[in-house]
Amino acid sequence: VLIGYSKGALDALEFVAAHRDAAAPVAAVVSVAGPMLGSPAAAAGRGLYAAFAQSFAARCDSEDGGVLDSLAPDARTRWLEAHPLPPEVAYFSLAAFTTRERLARGVWPSWRFLADDDRWNDGQVAAPGATIPGGTLLGYANADHWGVALNIEVS
């Protein structure tokens, strides 16, 4: 069973779709807050991300390998259309959404941005876009995108 959180869920899907022989033992993929249909917040955050990555340029490569581009809704839709998921694998999703009171401070701006179109979001992904197409929805966590996997406010 492959369990992927956020972009890791996309990576798990890409693995089972592209490497069927190596993925043969995989019985299921579980997505936790995975941006299956992408996120408009990724496209909107390109400038901020570029500035943040540039601050680390002296210590590491500032090129992100197209991470934000791969999270754009049109890129995710194109990928899903071009890469049918193996039917012998079961697919499960745990999405998340929450209220302003339960948000980590760091996701407030993107939560507000996404709420203009869909108030049921976790600060990075709208809940309807966090489910693997054709898979089983396990449920919705009352958490923001970070809090569904770790307690960022404490750590």
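Two aromatic rings of Phe, Tyr or Trp, the last taken by its six-membered ring, count as a pair if their centres lie within 6.5 Å. By this rule the count comes to three aromatic pairs in what is a predicted model, and the tour starts from there.

**Aromatic residues**

Select F97, W120 and Y140 together, since these three residues form one aromatic cluster. Keep W120 in view and add R119, which lies over the face of W120 at 4.1 Å from the ring centre. Then move to W108, where R100 lies over the face of the ring, at 4.1 Å from its centre.

**Helix 5**

Next, select residues 73–82, which make up helix 5, and colour A75, R76, W79 and L80, the buried residues of this helix. These residues cover an arc of only 130° around the axis, which puts them on the same side of helix 5. The general background is that an α-helix has 3.6 residues a turn, so residues three or four places apart point the same way. Turn the view to the other side of helix 5, and you come to R78, E81 and A82, which are exposed. To see what the buried residues of helix 5 pack against, display helix 1 (7–18) and helix 4 (67–70).

**Salt bridges**

A search of the whole structure finds four salt bridges, and three stops follow. Select R76 again, this time with E14: the two form a salt bridge in which the closest N and O atoms are 3.4 Å apart. R76 lies in helix 5 and E14 in helix 1, so the pair ties together parts that are 62 residues apart in sequence. How buried or exposed are the two partners? R76, at 3% relative accessibility, counts as buried, whereas E14, at 27% relative accessibility, counts as partly exposed.

Staying on helix 5, select D74 and R78, which form a salt bridge with the closest N and O atoms 3.3 Å apart. Both residues lie in helix 5, four residues apart, about one turn of the helix. D74 has a relative accessible area of 48% and is therefore partly exposed, while R78 is one of the exposed residues on the other side of the helix from the buried ones.

Now go to R112 and D116, whose side chains meet in a salt bridge at 3.3 Å, N to O. R112 is partly exposed, with a relative accessible area of 37%, and D116, at 58% relative accessibility, counts as exposed.

**Strand 2 and two loops**

Select S31, which lies in strand 2 (residues 28–32) and counts as buried because its relative accessibility is 0%. Which residues are in contact with S31, leaving aside its neighbours within four places in sequence? Display G4, A9, M36, F92, S93, L94, A130 and I132 to see these contacts of S31.

From strand 2, step to A33, in the loop between strand 2 and helix 2 (40–44). A33 has a positive phi of about 55° although it is not a glycine, and at 1% relative accessibility A33 counts as buried.

The last stop is S6, in the loop between strand 1 (2–5) and helix 1. S6, too, is not a glycine and has a positive phi of about 55°. With a relative accessible area of 17%, S6 is buried, because the cut-off for that class is under 20%.

Conventions
Residues numbered from 1 in each chain as written. Predicted model: local features only at pLDDT ≥ 70, side-chain atom pairs only at ≥ 80, totals over all residues. Heavy atoms only, no water. Buried < 20%, exposed > 50% of the residue type's maximum accessible area, 1.4 Å probe, protein only. Arc of directions from axis to C-beta. Contact = heavy atoms within 4.5 Å. Phe/Tyr/Trp six-rings, centres within 6.5 Å; stacked < 30°, edge-to-face > 60°. Lys NZ or Arg CZ within 6 Å of the ring centre and 35° of its normal.
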